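Trainee: Could we go through this chain together, a step at a time? I would like to get from the overall picture down to a single residue.

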Amino acid sequence: MTKPIVVITGATSGLGQIVAMNLAKIGAHLVMTARSKERAEATRTLIKISSPSAKVDFVYGDLSLMKDVERVGQEISAAFPKIDVLVNNAGLHAFEQRITSEGFPEMIAVNYLAPWLLSQVLEQSLRNAGTARIVNVASEASRRHGILKLPEDLTDTTPFTARGSAAIYGKTKLFNIMFTAELGRRLTGTGISVNALNPGFNVTGLGRELWFASILERLLKFLHIGDPRKGAEIITRLVVDLKYQKVTGGYFNVGTGDSIQPVHPGGDTEMQNKLWRATTDLLEQKGMLN
């Protein structure tokens, strides 16, 4: 790719910010989503220090709100009729249940519904590139997903504790793997490859809602545990390595870049399709799919 246009969500901190800096160094034109203009400008400054000639654009919105996701996608597609790569990186691990103003459980909205919807809105721009990629950041936390109930899980606003949050987070990451496989099938023949990845354990952004998070982060960094550069490296590889353009619907591991077999029912075609249909029905009911 020559000066590829790369859309990245969640790039004002953590893995996304490192990925953005990596891609700027190879000449990518970065289009990033952000909620905070202050954090966006700080990220722009960081990128420009290491890559002075980098092209960096921001589109502002709250990815917990599907109306914002839809608007952000429309603004990007209007400005960039051809997009080479979409990196769905934004995510959060909440330690209590929060419900968005649209009535969705927040972790489901940010971690799963947002990348699903943004991929739909930007599909035509990705098709127009001829050869394009969608890269979804999943996680091996998906193996602790609890019990799947579809379509109920997509709208389950039952309160949970910090301890109970792990299953909900894991479920959102399993959904990322499942929708990657289903979208990969649906886009067969379009020139768009769709793959997910496990970035491993990363210190950056760890437990932002825990009072001791900053202390824990400093300790883990001192012990050289959870280096975010490793997670950013596998994301970057899925964006630029030619071998990942030739496969679709896959799930790949940090470090080796090898394929991972997802936990059941992540690899079940029937369940992948059921999740897709449940998501489509839900967003149509909310008036968020034209």
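Trainee: How far apart are the mean positions of the positive and negative charges of the chain?

Mentor: Happy to start there, keeping in mind that this is a predicted model. The chain has 33 positive and 27 negative charges. Taking the mean position of each set, the distance between the two is 6 Å.

Trainee: What secondary structure does the chain have, and why is it as compact as a globular protein of that length?

Mentor: The secondary structure comes to 10 helices and seven strands. For 290 residues the globule rule gives 19 Å, and the chain is close to that, so it is as compact as a globular protein of that length. The radius of gyration behind this is 18 Å.

Trainee: Which share of the contacts between residues at least 6 apart in sequence joins residues at least 24 apart?

Mentor: Let me set the scene with burial: of the 290 residues, 54% count as buried. As for the contacts you ask about, the share joining residues at least 24 apart is 77%.

Trainee: Now to S142: is it buried or exposed?

Mentor: S142 sits in the loop between β5 (132-137) and α6 (165-186). Its relative accessibility is 1%, and the cut-off for burial is under 20%. S142 therefore counts as buried.

Trainee: Which residue has its backbone oxygen 2.7 Å from a polar atom of the S142 side chain?

Mentor: Leaving out residues up to four places away in sequence, S142 touches G170, K173, L174, I177, Y251 and V263. The backbone oxygen at 2.7 Å from a polar atom of its side chain belongs to S139.

Conventions. Residues numbered from 1 in each chain as written. Predicted model: local features only at pLDDT ≥ 70, side-chain atom pairs only at ≥ 80, totals over all residues. Heavy atoms only, no water. Helix = DSSP H or I, 4+ residues; strand = E, 2+ residues; numbered from the N terminus. Rg over C-alpha atoms; globule rule 2.2 N^0.38 Å. Buried < 20%, exposed > 50% of the residue type's maximum accessible area, 1.4 Å probe, protein only. Contact = heavy atoms within 4.5 Å. Lys, Arg positive; Asp, Glu negative; His and termini not counted. Charge placed at Lys NZ, Arg CZ, Asp CG, Glu CD. Polar contact = N/O pair within 3.5 Å; in protein donor to acceptor, adjacent residues only side chain to side chain.
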